[in-house]
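Student: I've got a model open and I'd like to learn how to read it. Could you walk me through it?

Tutor: Sure, let's take a look together.

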Amino acid sequence: MITAYRSQADAEAGFRQLKDRHVVSFSPMFHWTEQKIRVHIFYCVLALTIAHLMRRQAAQAGLDLSVRELLHTLGGIGETVLIYPSTGGRPKARRMLTDRGPTQQHLFGLFGLGTYTPRT
């Protein structure tokens, strides 16, 4: 009975997050047909599910973060482009990631984000 009650609270918290513009939000919705609204709702719920699975994986790795904190921490990892002038021809561009804090580095390794980073 207690487990069912707590899972109800988790479901309600998920629906509250769907209304939160800073996490995974239904709005703004610029669709008017029923089919497009259904697709929009589907990918919002899918994004929230993925965010909760990521939070769960981080918790299993010892990082106790909320979905909001997790997304904010991951959002702090940025990419920058350094452009070096050349003596002739096109300038040389080098893409690199910004410095990461310890939590960001842990999440970076946990989710295997290195496979999506620019090669140096």
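Tutor: Let's start with what counts as a strand: a DSSP run of type E with at least two residues, numbered from the N terminus. Keep in mind that this is a predicted model. Here, Tyr-84 lies in strand β1, which covers residues 79–84.

Student: How many helices and strands does the chain have?

Tutor: Four helices and two strands. Reading from the N terminus, the order is α-α-α-β-β-α.

Student: Back to Tyr-84, then. Which residues is Tyr-84 in contact with, leaving aside neighbours within four places in sequence?

Tutor: Contact means heavy atoms within 4.5 Å. On that basis, Tyr-84 touches Pro-91, Lys-92 and Arg-94 once those neighbours are set aside. For Arg-94, 10 residues away along the chain, the C-alpha separation from Tyr-84 is 7.9 Å.

Student: Is Tyr-84 buried or exposed?

Tutor: In between. Buried means under 20% relative accessible area and exposed means over 50%. Tyr-84 has 38%, so it counts as partly exposed.

Student: What share of the chain is buried?

Tutor: Of the 120 residues, 20% are buried.

Student: Now the helices. At what angle do α2 and α3 cross?

Tutor: Anything from 65 to 115 degrees counts as roughly perpendicular. The axes of α2 (residues 34–60) and α3 cross at roughly 90 degrees and come within 9 Å, so these two helices are roughly perpendicular to each other. On the α2 side, the contact is made by Ala-51, His-52, Met-54, Arg-55 and Ala-58, and on the α3 side by Val-67, Leu-70 and Leu-74. By class, that contact has six nonpolar, one polar and one charged residues.

Student: And how do α3 and α4 cross?

Tutor: Helix α3 (residues 67–75) and helix α4 (residues 102–110) have axes that come within 9 Å and cross at roughly 95 degrees. That makes α3 roughly perpendicular to α4. Leu-70, Thr-73 and Leu-74 of α3 meet Thr-103, Gln-104 and Leu-107 of α4. Sorted by class, the α3 contact with α4 has three nonpolar, three polar and no charged residues. Notice that Leu-70 and Leu-74 turn up here, and they are also listed in the contact with α2.

Student: Where do the glycines Gly-75 and Gly-101 sit?

Tutor: Gly-75 lies in helix α3, while Gly-101 is in the loop between β2 (92–97) and α4. Gly-75 is exposed, because its relative accessible area is 61%. Gly-101, at 27% relative accessibility, counts as partly exposed.

Student: What is the C-alpha distance from each of them to a residue far along the chain?

Tutor: From Gly-75 to Gln-104, 29 residues along the chain, the C-alpha atoms are separated by 9.3 Å. From Gly-101 to Ile-77, 24 residues apart, the figure is 9.1 Å. For the chain as a whole, count the contacts with a separation of 6 or more: residues 24 or more positions apart account for 37% of them.

Student: Last topic: aromatic rings. How many aromatic pairs does the structure hold?

Tutor: Zero. There is a charge over a ring, though: the charged end of Arg-100 sits over the ring of Phe-108, 4.2 Å from the ring centre.

Conventions
Residues are numbered from 1 along each chain as its sequence is written. This is a predicted model: local features need pLDDT of at least 70, side-chain atom pairs count only at pLDDT 80 or more; totals for chains, interfaces and linings use all residues. Side-chain values use heavy atoms; hydrogens and water are left out. Rings of Phe, Tyr and Trp (its six-membered ring) pair if their centres lie within 6.5 Å; planes under 30 degrees apart count as stacked, over 60 as edge-to-face and the rest as tilted. A charge sits over a ring if NZ of Lys or CZ of Arg is within 6 Å of the ring centre and within 35 degrees of the ring normal. Axes are lines fitted to C-alpha atoms, for helices over the stretch in contact, and angles run from 0 to 180 degrees between N-to-C directions. Angles under 35 degrees count as roughly parallel, over 145 as roughly antiparallel, 65 to 115 as roughly perpendicular and the rest as oblique. Ala, Val, Leu, Ile, Met, Phe, Trp, Tyr, Cys and Pro count as nonpolar, Asp, Glu, Lys and Arg as charged, and the others, Gly among them, as polar. Buried means under 20% relative accessible area, exposed over 50%, partly exposed in between (1.4 Å probe, protein chains only).
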